[in-house]
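Trainee: I would like a close look at a single part of this model, followed by whatever belongs beside it.

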Amino acid sequence: MTTTTRLPSLYISHGSPMTALEPGRVGMRLAELARDLPRPRAIVVASAHWLARAPLVGGAARPETIHDFGGFPQALYEIQYPAPGAPEVALRAAQLLHAAGLDPHIDPQRGLDHGVWVPLRLLYPDADIPVVPLSIQPMAGPEHQLAVGRALAPLRAEGVLVIGSGSITHNLHDWRRYSEGKPIAPYVQPYIEWVERKLAEGDVAAMLDYRRQAPGAEHAHPTDEHWQPIYVAMGAAGEHFRATRIDAGIDMGFLAMDLYRFDDALPAQPAA
């Protein structure tokens, strides 16, 4: 289970389920990103749409496509993402989480919710790379999700791409107020800029304390589930990382669609 290529980890803003039919800028950015990445042998995705009290790892050999939403066009419910599962990768992930004292369990039947298949359909439209879904535990706090990511960090050297799927900003209460060409919600840009700055600085402590430090955090994320997958991606990058922001625009005036790529930190340059 070794490879000579150490993959980055990713945080993906997956937006509305309609992103699958109207991919826009995020679709272009994900296609570009896929061209830049080494091809993974499997993908582990921590999704904002699978919540549990302890880490659950999807071990299905043939995970179904879950249409976990309502009120959308029929075409959206007809989309299938028939990627195979990877039970052996699920077992490996569970072993790593167990070694970190995180009490994981394998769910042998879990399918792929839209937080998984919508972005993966844009990254890897052929659905030919095995996928393992992973739950998050938003009530456990950011430190817990960071620990989950750090436990899974060895997978990156084993050809496995670790992804956190959520949204940089996610306040569905603002859907009517800012969608359909209305002004962008005033908290979105300051929040985007704060996240970019703190990740560029490698300021993990500030990121963990985002509720108190980030401007407009209470509006950007009234609840935590779409934000916390970023800590899985950060953690999987290790203690020292290099974060690259990929601007994918703002959807409906309140959903920031930024992507983040986390690589190993560049080695220090010798003094001249």
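Trainee: Where is aspartate 103 found?

Mentor: The model is a predicted one. Aspartate 103 is found in the loop that runs between helix H3 (87-99) and strand S4 (105-107). Its phi is near 55°, which is a positive value in a residue other than glycine. With a relative accessibility of 48%, aspartate 103 counts as partly exposed, because the partly exposed class ends at 50%.

Alanine 127 can be set beside it. Phi of alanine 127 is near 50°, again a positive value in a residue other than glycine. Alanine 127 is in the loop between helix H4 (114-123) and strand S5 (131-136). Its relative accessible area is 8%, so alanine 127 is buried.

A positive phi is also found at glycine 238, where the value is near 90°. This glycine follows helix H11. All eight of the eight residues of H11 are buried, so the helix is largely enclosed by the rest of the structure. They are Pro229, Ile230, Tyr231, Val232, Ala233, Met234, Gly235 and Ala236.

Part of the surroundings of H11 is another helix. Two packed helices are described by the distance between their axes and the angle between them. For helix H5 (residues 142-152) and helix H11 (residues 229-236), the axes come within 6 Å and cross at roughly 40°. That angle makes H5 oblique to H11. The crossing of the two helices is right-handed. On the H5 side the contact is made by Pro142, Gln145, Leu146, Val148, Gly149 and Arg150, and on the H11 side by Tyr231, Val232, Met234, Gly235 and Ala236. By class, the residues of this contact are seven nonpolar, three polar and one charged.

H11 also supplies contacts to phenylalanine 262. Leaving aside neighbours within four places in sequence, phenylalanine 262 is in contact with residues including Ile230, Ala233 and Met234. Others that phenylalanine 262 contacts are Pro8, Ser9, Tyr11, Leu199, Ala237, Phe241, Arg242 and Ala243. In soluble globular proteins, nonpolar side chains tend to be buried together. The largest nonpolar core here has 65 residues, and the members touching the most other members are Leu123, Ile168, Leu199 and Phe262. Another core, of 22 residues, lies apart from that one and has Ala46, Val89, Leu96 and Ile136 among its members.

Notes
Residues are numbered from 1 along each chain as its sequence is written. This is a predicted model: local features need pLDDT of at least 70, side-chain atom pairs count only at pLDDT 80 or more; totals for chains, interfaces and linings use all residues. Side-chain values use heavy atoms; hydrogens and water are left out. Axes are lines fitted to C-alpha atoms, for helices over the stretch in contact, and angles run from 0 to 180 degrees between N-to-C directions. Helices (H or I, at least four residues) and strands (E, at least two) are DSSP runs, numbered from the N terminus. Angles under 35 degrees count as roughly parallel, over 145 as roughly antiparallel, 65 to 115 as roughly perpendicular and the rest as oblique. A crossing is left-handed if the near helix is turned anticlockwise from the far one by less than a right angle, and right-handed if clockwise. Contact means heavy atoms within 4.5 Å. Ala, Val, Leu, Ile, Met, Phe, Trp, Tyr, Cys and Pro count as nonpolar, Asp, Glu, Lys and Arg as charged, and the others, Gly among them, as polar. A nonpolar core is a set of buried Ala, Val, Leu, Ile, Met, Phe, Trp, Tyr and Cys residues joined through side-chain atoms within 4.5 Å. Buried means under 20% relative accessible area, exposed over 50%, partly exposed in between (1.4 Å probe, protein chains only).
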